[in-house]
Amino acid sequence: MATSSVSKGCFVFKPNFKRRKISVPVEDYFNKGKSVSEDSKLRFETYQLIWQQMKSETEQLQEELNKNLFDNLTEFLQKSHSGFQKNSRDWSCQIKLREIPVAALVLGVNVTDHDLTFRSLTETLQNNVTPYVVSLQAKDCPDVKHVLQKLASQLVGCGVAAESKAEQRTQVSQKRECCSMDFLSSWYRNATQKKIDPKLPSKKRTLSSHWQSPPVVLILKDLESFTTKVLQDFLIISSQHRHEFPLILIFGIATSPIIIHRLLPHAVSSLLCIELFQSLSCKEHLTTVLEKLLLTTQFPFKLSEKVLQILTNIFLYHDFSIKNFIKGLQLSLLEHFYSQPLSVLCCSLPEAKRRINFLSDDQCENIRRLPSFRRYVENQTSEKQIALLTNERFLKEQAQSLLENLHVYHTNYFLVLRCLHKFTCSLPKYPLGRQIRELYCTCLEKNPWESEEYASTLQLLRMLAKDELAIILQKCLAVLKSSSGTQLGSTAQRIEEFLAQFQSLDAEAREEEDASGSQSKGLQKTDLYHLQKSLLEMKELRRTSRKQNEFEVLREKVVDFVDSLVREFLLPPETQPLHEVMYFSAAHPLREHLNAAPRIALHTALNNPYYYLKNEALKSEEGCIPNIAPDICIAYKLHLECSRLINLVDWSEAFATVVTAAEMNASSTVSEEMDEVIHARFIRAVSELELLGFIKPTKQKTDHVTRLTWGGC
Amino acid sequence: MPHLENTVLCRESQVSTLQSLFGERHHFSFPSIFIYGHTASGKTYVTQTLLKTSELPHVFVNCVECFTIRLLLEQILNKLTHYSSEDDCSTQMSCDTFNDFVRLFKQVTNVEGLKDQTVYIVLDKAEYLRDMEANLLPGFLRLQELTDRNVTVLFLSEIVWEKFRPNAGCFEPFVLYFPDYSIGNLQKILSHDHPPEHSADFYAAYINILLGVFYTVCRDLKELRHLAVLNFPKYCEPVVKGEASERDTRKLWRNIEPHLKKAMQTVYLREISSSQWEKIQKDDIDPGQLKGLSAYTHVELPYYSKFILIAAYLASYNPTRTDKRFFLKHHGKIKKTNFLKKHEKTSNHLLGPKSFPLDRLLAILYSIVDSRVAPTANIFSQITSLVTLQLLALVGHDDQLDGPKYKCTVSLDFIRAIARTVNFDIIKYLYDFL
């Protein structure tokens with residue numbers, strides 16, 4: 001910024017308020033800097049709509065999945081507090097009261113998801129059990145003092161919210177320095193006594209009205225990180241005040257409940273009454289999320305095989321975090337609507353049909369450019385080809401019918417996929433995967449019937465017993481019936497027929513059994529030798545007449561039927577024209593965003609500066625070092641050639657040689673001044689490398705540094 | 001005092017020693033008395049009942065709760081003021097140092113009720129005093145001298161006095177030892193609080209059986225009492241059902257004995273909670289069905305986390321020099337005996353895990369995972385999250401950025417279970433099992 005002043009000095013520039021107000025609306029980022037609109041605004045709105053729907057769907061799902069666990073927890077809390085409530089003079093109760101009820105909540109190693117669980121748990125407890133729910137994290141609690149302080153400040157916060165007493169807050173701020181258990185119990189006495197006062201018709205009161213003295217629930221979010229001493233002291237203190245301060249603990253455990261015994265000695269754990277609660281396994285959670293978000297026609301947005309693979313791999317190989325998985329899904333959704341101009345059609349079918357009518361010429365051209373559409377055009381008659389490529393209206397009509405086909409394809413696809421999963425999920429060794437997501441990935445990848453696994457699956461299916469097959473068929477029927485559409489009506493009928501045939505087979509079999517039963521009676525009267533002989537004969541007979549019995553014929557029919565279903569309906573999406581509208585397939589950017597590789601990026605930057613700087617002069621062949629590269633790059637490349645200990649003198653010599661390589665040709669003498677400059681540049685490059693963590697000074701040898709990294713990255 | 005004899009059992013000699021030490025109300029008593037004894041040997045109970053029944057002015061403070069000196073001193077002063085003035089005065093004293101305490105203490109005790117009799121300050125769990133300011137313990141020991149008041153400080157602790165004595169020396173308190181209760185004492189005390197609906201003899205017989213089972217593992221009175229209460233309904237069961245009379249001890253014994261043994265393995269160790277135990281009793285479920293806390297050892301980990309943990313285990317328990325042998329293709333034959341130094345020949349599993357640098361962990365990781373692993377941010381964050389889960393431990397704190405060092409803290413059984421899930425034969429890679 002320029003000033004009108006002549007003198008040198010510091011000048012204050014007030015921020016320019018006018019400029020700040022001009023903020024770019026978010027949807028404009030979708031424009032990709034192109035002047036053509038390509039419906040960017042509409043695309044952004046569609047994205048937001050779909051994301052909102054998906055988000056609310058997942059939230060609802062999470063609530064449902066947690067419901068069971070939360071119900072159990074609430075029941076436990078209510079039960080364990082009832083003893084305190086009764087206040088009975090009962091002989092046994094007096095002694096039992098000393099134990100602090102503890103719910104050990106095993107949540108699995110996906111720590112990132114825990115926050116959400118705890119938040120909804122807190123909400124549930126506040127609604128159903130007690131207004132006093134406090135949660136603590138290990139990092140807030142380096143000692144008992146902090147534990148009690150946090151506990152007190154949060155508790156009084158609860159009280160203020162419930163009763164809106166401003167004076168309490170001031171009282172606390174005075175007391176902040178010395179929050180003892182005495183303070184807490186006297187606070188509790190005051191708070192609950194006020195509750196009994198009928199003049200306060202607050203909302204919370206009605207909720208917990210059946211309890212005059214609600215318990216105080218303390219959630220320790222990450223038990224593993226708490227130090228033994230803090231936990232021990234706190235438990236001893238609170239067990240001594242249990243009769244006046246009814247504390248109930250919830251331990252959030254990520255690994256296994258043995259950690260309780262590892263953290264607490266018997267003297268302390270004997271003060272606790274621990275009960276175990278386990279949350280749903282995160283893999284099952286993933287399966288349900290996938291089922292609700294992707295294996296459904298509810299959302300038009302779909303993932304291609306590669307993208308789905310990346311997301312599930314990050315989940316299974318790295319973090320087990322549902323939260324991250326959904327974030328990844330959101331990113332791919334955003335990326336799809338951002339990068340694919342035709343994603344404007346990625347919405348419900350009637351809406352998409354309407355939108356097609358308003359497509360601009362550019363967008364029509366985009367449709368024509370789609371590989372799947374080109375393939376489709378090539379298969380048409382020549383007149384139709386010309387019409388599709390020249391006539392906009394005809395193109396739009398065709399696109400509408402194609403989208404409709406795509407929609408029908410999806411409806412059938414998921415039904416058949418579910419049916420196939422019913423068949424494959426009970427087979428030994430699971431050739432096509434145990435989970436439906438594995439099956440889905442295989443089917444997305446290529447024609448499923450071409451794989452070896454599919455062949456072995458069919459083989460295994462041909463060996464199924466009668467009752468197993470009948471059960472599976474019944475399940476399939478249920479799947480098909482569950483859908484409202486009538487596309488696969490005939491299929492359902494066929495299955496029903498099969499089932500009827502099985503039943504009739506059963507009846508026949510019973511008759512046969514009766515017949516064979518009479519035959520065996522005849523056998524009984526002979527002696528052992530004859531019996532053996534006749535049995536052998538019967539075996540021979542059976543082997544020779546190894547004609548398929550009726551059940552085997554029927555089974556063959558069923559398997560063939562399943563095979564035909566798969567071949568008809570489980571075509572990979574790439575075969576469908578216009579699939580690019582709904583399928584997001586850009587796996588590479590997604591991987592870059594979600595599975596970042598900082599070391600590799602750093603190595604690329606230092607080893608091949610052209611990659612980031614885009615300076616033509618920096619382009620070089622493998623192995624040679626251009627002398628105009630940044631100093632740090634030269635130093636880095638030279639250090640790659642060294643072993644664990646690097647001699648600084650040698651390194652600096654090499655550095656000087658490389659840097660002066662060009663000048664050497666011109667003038668053979670290097671001035672002393674120049675030398676000093678190069679020396680300074682070298683030292684700066686080395687200290688930058690040290691800052692980046694590639695080397696560190698060592699005391700093993702003078703004038704040497706240690707290398708800290710190995711290999712290419 | 002017949003009342004005291006009824007409430008305090010089996011501590012007659014200690015009570016009489018204390019009573020003679022206390023003397024008459026206006027007598028100066030010993031400045032400080034140090035009472036020690038094992039857990040649940042009646043230290044707190046005896047002093048508390050003694051002071052209460054003889055209605056002596058006293059302050060009872062538990063040092064666990066007083067994590068700062070300020071809390072401790074203020075609590076004593078506030079309780080004393082509460083003693084002297086009948087009406088509930090809300091003036092809270094503030095006191096930060098021991099010097100202030102001495103001054104304020106003089107003020108507080110200079111009132112009618114406290115002036116001419118001994119004031120007792122009882123500091124329970126006195127071992128916590130050692131972690132506080134250094135002047136605190138010596139100060140309390142000679143509080144009588146410092147304040148020039150008739151005051152006696154009682155310390156209650158589970159640790160012997162020798163462990164308390166400061167380096168600089170101090171006033172020696174009168175040391176009183178509370179020995180453990182003998183089995184006869186325990187029997188007498190436990191039988192004392194029998195439930196009103198049953199006769200004392202019946203309950204005493206029950207206690208006899210209970211002690212027969214538990215005395216070998218547990219002499220903690222509190223714990224025994226807890227167990228007695230928990231299991232008593234089961235003992236009464238035949239009587240309630242009418243299958244046996246109260247006198248039929250043999251039958252009752254046969255009923256309760258296996259049950260108690262089961263309790264020793266489960267509820268005593270807090271493997272299952274007492275409420276669950278009660279439920280089992282009530283519904284007559286087989287206790288074997290309910291798994292204890294230790295039964296849930298399985299931890300589900302992401303695929304690469306498993307391999308990181310395996311790599312960390314190998315790095316912790318194999319000597320560095322053997323890495324070549326395990327992870328290089330053409331390592332040649334190395335004999336165990338000649339190859340290693342003497343100290344490396346002892347089992348590494350007996351010595352415990354050794355620390356290793358991050359680079360070694362990654363190098364082993366790359367060689368044990370079949371597919372190529374890129375060193376992505378996810379891999380590094382997994383290592384950190386394993387540290388927060390306490391499956392790995394970070395060793396040393398100064399070199400965080402350049403070369404962090406870790407230790408693997410999981411057991412062999414745990415890592416074998418993990419390795420089995422990824423079809424990795426870890427025994428083949430452990431030097432100890434070669």
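**Exercise 1. A shared residue in a chain A strand**

Find the residue of β10(A) that is the bridge partner of A:Lys696.

*Solution.* Start at A:Lys696: its bridge partner in β10(A) is A:Thr706. Keep in mind that we're working with a predicted model here. Next, look at A:Leu645, whose bridge partner in β10(A) is A:Thr706 too. Now widen the view to the strands. β9(A), residues 695-697, is joined to β10(A) by three bridges, and the two run antiparallel. Strand β8(A), residues 645-647, also has three bridges to β10(A), residues 704-707, again antiparallel. Finally, walk along the hairpin of β9(A) and β10(A): six residues sit between the strands, and A:Asp703 has a positive phi near 55°.

**Exercise 2. A helix pair in chain A**

Work out how α19(A) and α20(A) are oriented to each other, and which residues make the contact.

*Solution.* Two numbers describe a pair of packed helices: the angle between the axes and the distance between them. For α19 (residues 392-424) and α20 (residues 436-445) of chain A, the angle is about 120° and the axes are 10 Å apart. Angles from 65 to 115 degrees would count as roughly perpendicular and those over 145 as roughly antiparallel. α19(A) and α20(A) are therefore oblique to each other. On handedness, their crossing is right-handed.

Now for the residues. α19(A) brings A:Tyr413, A:Phe414, A:Leu417, A:Arg418, A:Leu420, A:His421 and A:Thr424 to the contact, while α20(A) brings A:Ile436, A:Leu439, A:Tyr440, A:Cys443 and A:Leu444. Sort them by class and you get nine nonpolar, two polar and one charged.

**Exercise 3. The chain B sheet and its helices**

Give the strand order of the five-stranded open sheet in chain B, then place α2(B) and α3(B) on it.

*Solution.* Step one is the order: β2-β3-β4-β1-β5, with parallel pairing. Step two is the edges, β2 (58-62) and β5 (174-178), each of which pairs on one side only. Neighbouring strands are turned by 15° against each other on average, direction ignored.

Step three zooms in on one pair. Five bridges join β1(B), residues 32-37, to β5(B), and the two run parallel. In this pair, B:Gly37 stands opposite B:Phe178.

Step four adds the helices. α2(B) packs on the sheet and touches β1, β3 (119-124), β4 and β5, with its direction at about 160° to that of β5(B). α3(B) lies across β1, β2, β3, β4 and β5, running at about 155° to β4(B).

Step five compares the helices with each other. The axes of α2(B), residues 12-22, and α3(B), residues 43-53, come within 11 Å and cross at roughly 45°. The two helices are therefore oblique to each other, and the crossing is right-handed. From α2(B), the contact uses B:Val15, B:Leu18, B:Gln19 and B:Phe22; from α3(B), it uses B:Val46, B:Thr47, B:Leu50 and B:Leu51. That makes six nonpolar, two polar and no charged residues.

**Exercise 4. One loop residue**

Decide whether B:Asp148 is buried or exposed.

*Solution.* First, locate B:Asp148: it sits in the loop between α8 (143-147) and β4 (151-157) of chain B. Then take its relative accessibility, 59%, and hold it against the cut-off for exposed, over 50%. So B:Asp148 counts as exposed. One last check on its surroundings: the C-alpha atoms of B:Asp148 and B:Lys106 are separated by 8.0 Å, though the two residues are 42 residues apart along the chain.

Technical notes. Residues numbered from 1 in each chain as written. Chains lettered and ligands numbered in written order. Predicted model: local features only at pLDDT ≥ 70, side-chain atom pairs only at ≥ 80, totals over all residues. Heavy atoms only, no water. Axes fitted to C-alpha atoms, helices over the stretch in contact; angles between N-to-C directions. Helix = DSSP H or I, 4+ residues; strand = E, 2+ residues; numbered from the N terminus. Parallel < 35°, antiparallel > 145°, perpendicular 65-115°, else oblique. Left-handed = near helix turned anticlockwise from the far one by under 90°. Contact = heavy atoms within 4.5 Å. Nonpolar A, V, L, I, M, F, W, Y, C, P; charged D, E, K, R; others polar. Pairing = 2+ DSSP bridges. Buried < 20%, exposed > 50% of the residue type's maximum accessible area, 1.4 Å probe, protein only.
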